[in-house]
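Student: I am new to this structure and would like to learn how its labels are earned. Could you take me through them one at a time?

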Amino acid sequence: MERQIKLIWDFRGEGALKTAEHHEIHLKEYIVIEKLPISKTGFSAINESHAIAFIVVNDEQMIALRDILKPHRGELYEDKKNTP
């Protein structure tokens with residue numbers, strides 16, 4: 001299985017979760033417009049003043065999408081459903 005990378009955008013402050021939720025909408029729009037074979041996006045609260053939005057990409061897509069979308073950080077993605 002090809003390595004997957006989770007590109008992450010961090011949002012902080014009172015409206016962080018709403019901002020992350022809205023950012024995911026734009027990530028999904030970008031996927032549709034560019035006809036990308038990507039299906040994993042999301043957002044989540046880290047705590048009450050920090051939230052993230054993310055997109056999961058294949059290793060080969062990572063550099064191009066990183067340069068275009070400018071995430072704040074990235075990490076290896078491990079699908080929790082497929083791990084024992």
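Student: What makes the pairing of the Thr41 and Glu24 side chains a polar contact?

Tutor: The side chains of Thr41 and Glu24 come to 2.8 Å. A polar contact is a pair of N or O atoms within 3.5 Å; within protein, one must be able to donate a hydrogen and the other to accept it, and residues adjacent in sequence count only if both atoms are side-chain atoms. So 2.8 Å meets the cut-off of 3.5 Å. Keep in mind that this is a predicted model, where local features need pLDDT of at least 70, side-chain atom pairs count only at pLDDT 80 or more, and totals for chains, interfaces and linings use all residues. Residues are numbered from 1 along each chain as its sequence is written, and side-chain values use heavy atoms, with hydrogens and water left out.

Student: Why is Thr41 called buried?

Tutor: Thr41 has 18% relative accessibility. Buried means under 20% relative accessible area, exposed over 50%, and partly exposed in between (1.4 Å probe, protein chains only). Thr41 therefore counts as buried. Thr41 belongs to strand E2, residues 41-47; helices (H or I, at least four residues) and strands (E, at least two) are DSSP runs, numbered from the N terminus.

Student: Which residues does Thr41 touch, apart from those up to four places away in sequence?

Tutor: They are Glu24, Lys28, Ile31, Phe54 and Ile55. Touching, or contact, means heavy atoms within 4.5 Å.

Student: Gly42 is in strand E2 too. How do you know whether Gly42 is buried or exposed?

Tutor: Its relative accessible area is 6%, so Gly42 is buried. Beyond residues up to four places away in sequence, Gly42 touches Glu24, Ile52, Ala53 and Phe54. Gly42 and Ile52 are ten residues apart in sequence, and their C-alpha atoms are 8.3 Å apart in space.

Student: What about Gln4, in strand E1: why does Gln4 count as buried?

Tutor: The relative accessibility of Gln4 is 14%, so it counts as buried. The side chain of Gln4 also has a polar contact of 3.4 Å with that of Lys40. Leaving out residues up to four places away, Gln4 touches Lys40 and Tyr77, among others.

Student: What makes a set of residues a nonpolar core?

Tutor: It is a set of buried Ala, Val, Leu, Ile, Met, Phe, Trp, Tyr and Cys residues joined through side-chain atoms within 4.5 Å. The largest one here has 17 residues, and those with the most contacts inside it are Leu7, Trp9, Ile55, Val57 and Leu65. Strand E1 (4-12), helix H1 (16-34), strand E3 (50-58) and helix H2 (59-69) each give two or more residues to this core, and H1 gives the most, with five. Outside its neighbours within four places in sequence, Ile55 has contacts that include Leu7, Trp9, Leu27 and Ile31. In soluble globular proteins, nonpolar side chains tend to be buried together.

Student: How do you know that the buried residues of H2 line one face of the helix?

Tutor: The buried residues of H2 are Gln61, Met62, Leu65 and Leu69. Seen down the axis of H2, these fall within an arc of 115 degrees, so they line one face; the arc is that of the directions from the helix axis to the C-beta atoms. E1, H1 and E3 are among what covers them.

Student: Arg66 lies in H2 as well. Why is Arg66 called partly exposed?

Tutor: Arg66 has a relative accessible area of 37%, so it is partly exposed. The side chains of Arg66 and Asp67 share a polar contact of 3.0 Å.

Student: What makes Lys6 a charge over a ring?

Tutor: A charge sits over a ring if NZ of Lys or CZ of Arg is within 6 Å of the ring centre and within 35 degrees of the ring normal. The charged end of Lys6 sits over the ring of Phe54, 4.3 Å from its centre.

Student: And why is Lys70 called exposed?

Tutor: Its relative accessible area is 57%, so Lys70 is exposed. Lys70 is in the loop between H2 and strand E4 (73-76), and has a positive phi of about 55 degrees although it is not a glycine. Lys35, in the loop between H1 and E2, has a phi near 55 degrees and is exposed at 72% relative accessible area.
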